[in-house]
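Work through the exercises below with the sequence and the structure at hand. Each task is followed by its solution.

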Amino acid sequence: MSLDHPRARAASLPATLSRGARAGLFVFGCALLGCNADRPAPAPGVLSISVQQTSAWVKNFNPLLPEGSARWPTRSGIYEPMMIFNGVTARWVPWLSLGATWSPGLQIVRFELRPGVTWSDGAPFTSADVVFTFDLLKRYRVFDGNDVWGFLDDVRAVDEHTVQVRFSRVFVPGFESVAQQPIVPKHIWADIADPMTFINPTPVGTGPFTEVRVFRNQVYELGRNPHYWQPGKPALSTLRFLAFPSNDQANLALIEGEVDWAGNFVPAIDRTFVERNPADNHYWFPLLGSTVFLYANTAHAPFGAADVRKAMSMAIDRQKLVEVAMYGYTRPADATGLSDAFASWRDPESADRDWMRYDVAAANALLDKGGYARGEGGIRKSPAGLPLRFDIHVVSGWSDWVRAGQVIARNLAEIGVDARLRLYDMSAWIDHLQRGNFDLAIAWSGEGSTPYRFYRWTMSTDTVAPLGTLAPSNWHRFGDPPTDELLHAFERTDDLEEQHRLMRGVEKRFADLAPAIPLFPSPMWGAYSTRRVDGFPSAKTPYAKLTPNAGTESLLVLVELRPKEK
Amino acid sequence: MRYALRRLGFYLLAALASISLNFLIPRLMPGDPASAMFARFQGKMAPEAMQALRASFGLDQGSLGAQFLSYLKHVLTGDLGRSIAYYPAPVTEVIGTGLVWTLVLTGVALLMSFALGTLLGVVVAWRRSGWMDSVLPPLLAFLGAFPYFWLAMLTLYLFGFKLGWFPLRHAYSYDVEPGFTAVFLLDAARHAVLPAATIVIATIGGWVLGMRNNMISVLGTDYITMARAKGLTPARVMLRYAARNALLPSVTSFGMALGFVLSGSLLSEIVFSYPGMGYLLVQAVRSQDYPLMQGLFLIITLSVLAANWLVDLVYAWLDPRTQSDG
């Protein structure tokens with residue numbers, strides 16, 4: 001089952017197996033044989049985490065490499081950023097800095113660094129480290145995954161605890177990439193000849209867990225930072241990571257009590273996991289992931305017409321789709337396309353639109369009106385005479401999306417659109433999407449601390465690339481100049497009220513134009529057991545995201561966890 | 001000796017050809033590692049960084065010919081480059097996480113399956129139409145036809161989960177330090193029982209059937225009748241006369257199978273969370289990790305060739321006629 005986030009994890013599974021069948025077997029096996037959980041308990045203070053999936057661990061604690069290439073604690077436990085955006089409370093949490101202040105012209109931002117922070121080797125953390133880190137990003141473009149040097153002018157130390165970041169243009173959304181950049185120690189990294197191939201075997205960081213105690217192909221363990229800056233924290237002594245090649249193995253370990261905290265998808269979790277031990281076993285799957293879309297390539301006829309996209313959207317039975325494809329773990333998306341990560345931004349007026357309601361008759365009427373007459377076999381033809389026959393591109397083996405594609409294909413048949421599922425390996429699939437070499441595709445959308453990136457991705461002319469050219473976003477090639485204006489204005493203000501006003505305008509454009517067809521917001525998988533460890537966030541105490549797949553945000557959880565008092 | 005050297009020359013040529021193919025084939029796949037990597041980062045990466053990453057993978061460095069030359073140079077010096085899927089870990093290190101485990105698990109399972117299966121095949125053919133002959137081959141063929149994934153899952157649930165006789169995962173317990181200690185070796189052996197047993201069960205049928213059929217045709221020949229007529233003991237006729245000759249085709253298959261030991265056993269690795277080459281191979285293909293693919297294919301090709309060379313030698317010993325025909 002590949003419902004975990006990031007989607008990347010799905011790639012670690014062999015496509016040769018039907019995941020649905022495996023999940024079924026897993027549930028069936030537990031029901032039939034009874035899952036016993038009587039195993040010797042590990043030592044107190046140990047937290048066993050299942051987050052990255054692999055058959056064998058390969059050492060890599062380099063926090064500057066693209067997210068996901070290094071072992072999980074690299075960004076979530078060893079290295080820390082100046083500030084962390086809490087996606088649940090939608091607030092910035094001061095971390096290595098006490099806060100940030102914009103200059104009046106919004107071109108300079110100053111970070112006041114936290115005094116008394118030391119690296120895990122005892123050396124003091126200063127503004128020189130921050131400047132050095134951004135310098136590395138400039139020298140090695142691979143490290144600059146967010147392209148901060150595309151909008152920064154310079155980063156300099158004002159004094160030992162003040163860093164001044166000057167933007168080359170007013171670009172407020174750039175703040176989040178700067179504030180959340182993991183900082184590395186200058187006194188160590190300055191001597192590294194080639195930081196790009198540095199696997200950083202003995203990391204020195206400011207985070208709560210920095211000491212690599214064990215590193216073997218099947219397990220690695222991190223001990224706590226002896227110099228951690230938060231007094232009395234972390235309360236746990238050790239993080240343990242066992243290697244699981246697939247979700248089934250990780251789930252088995254979770255149910256059996258070998259894993260305390262898991263970010264993998266668990267099928268029928270109430271029955272397989274919670275019911276085994278209702279007092280200790282819990283989960284929380286908030287819809288904070290990105291919205292999953294059916295993208296129609298607007299550069300290909302007839303998807304340039306908004307009415308065609310809207311008719312297709314109305315033909316989709318989303319309620320059934322989320323039940324069949326997502327086990328009911330999510331709900332249908334609304335007409336803003338926003339997931340719950342942007343709940344505070346959602347404009348109810350734009351959210352509720354006809355084209356997001358399941359109404360086959362209205363969909364047919366819309367296509368009739370557009371001149372798409374039914375032809376042979378009930379399949380409609382475009383006014384130019386071409387039958388509406390398309391492929392839906394889906395990644396083979398991502399069983400949730402494959403099921404979603406099947407539901408959509410059946411739904412579209414009812415409005416005379418002959419859509420067929422085409423399964424591709426992930427790299428071929430992303431290549432088709434990036435080059436615009438597809439008609440219909442199911443894929444994810446943009447994330448961030450504001451909907452800025454999400455809408456830039458879905459409907460800004462700035463992100464539209466010609467067909468055949470690799471486009472990192474906006475695969476469906478949709479651009480709307482009025483949206484550009486609103487987004488450009490958004491880049492130039494830090495006033496929350498004004499930001500909301502502008503975003504409402506963007507949402508309205510989205511709801512009017514239907515640039516892409518939203519399906520459902522993705523849940524963020526998180527399950528935990530309080531048998532040995534306490535203090536996890538949950539729906540009742542939502543202080544941060546429960547899922548360990550939250551990158552830097554998981555630091556917020558790691559410092560709160562503590563051994564359970566008996 | 002001359003025969004052995006001549007074969008060696010042939011295999012060196014074959015190695016050269018496969019090294020070249022090894023370079024070419026991954027590059028014929030659609031897509032490229034940078035897009036695969038981009039997909040893994042869910043578009044969170046700026047195009048500029050992507051470009052830099054491509055450059056650092058050496059994907060933009062010159063023509064295919066230039067890439068081939070640098071590839072050859074690296075292969076000859078034993079430098080397999082850096083993996084892309086596990087960037088920046090060197091390919092040798094990535095392969096190192098699974099090589100030994102695959103070698104031991106798949107190797108031992110193959111040896112057991114071959115030895116046991118061949119022996120059973122001999123006995124079954126010797127006692128043709130006995131109860132063993134009517135029960136064993138169909139039963140084993142049935143088990144072999146069973147989807148391996150189900151077989152492994154079922155074994156895992158029964159003996160690992162339900163009965164708790166064997167560990168559920170991994171090649172050794174996480175609290176045991178690997179090394180040549182009795183504790184570790186025992187622990188590792190206990191962990192290997194289930195995966196090895198399932199591989200043996202799934203593959204033994206083929207060896208039994210193959211050997212049985214060979215035996216039966218050999219048993220019909222004149223020299224067996226002659227041996228019996230001479231009054232040799234049945235055991236001697238069965239093993240020295242019949243089995244030795246019937247073994248030849250099985251040895252060929254064994255050589256092939258031996259070579260493929262290093263490609264690992266993907267499904268057993270997945271089900272039992274066992275480290276190994278099968279998983280790495282799939283991972284490499286899915287991420288279009290050219291260096292890792294090349295490294296793995298290189299090792300697999302070379303071991304197939306080496307195994308075949310050994311089989312040639314064994315063949316020559318079993319059947320001296322092959323030497324003169326060359």
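**Exercise 1.** What is the accessible surface of chain A, and what percentage of it belongs to carbon and sulfur atoms?

Solution. The model is predicted, so local features need pLDDT of at least 70 and side-chain atom pairs pLDDT 80 or more, while totals for chains, interfaces and linings use all residues. Residues are numbered from 1 along each chain as its sequence is written, chains are lettered from A and ligands numbered from 1 in the order written, and side-chain values use heavy atoms, without hydrogens and water. By the Shrake-Rupley method with a 1.4 Å probe, the accessible surface of chain A is about 18900 Å². Carbon and sulfur atoms hold 51% of this surface.

**Exercise 2.** Find the salt bridge of A:Arg453 and state how buried or exposed each partner is.

Solution. Step one: a salt bridge needs a side-chain nitrogen of Lys or Arg within 4 Å of a carboxyl oxygen of Asp or Glu. A:Arg453 meets A:Glu176 at 3.9 Å, N to O. Step two: A:Arg453 is in helix H14 and A:Glu176 in helix H4 of chain A, 277 residues apart. Step three: relative accessible area (1.4 Å probe, protein chains only) under 20% means buried, over 50% exposed, and in between partly exposed. A:Arg453, at 29%, is therefore partly exposed, and A:Glu176, at 14%, is buried.

**Exercise 3.** Which residue forms a salt bridge with A:Arg216?

Solution. The partner is B:Glu177, with the closest N and O atoms 3.7 Å apart. Both residues lie in loops, one in chain A and one in chain B, so the pair joins two chains. A:Arg216 is buried at 13% relative accessibility, whereas B:Glu177 is exposed at 59%.

Conventions. Helix = DSSP H or I, 4+ residues; strand = E, 2+ residues; numbered from the N terminus.
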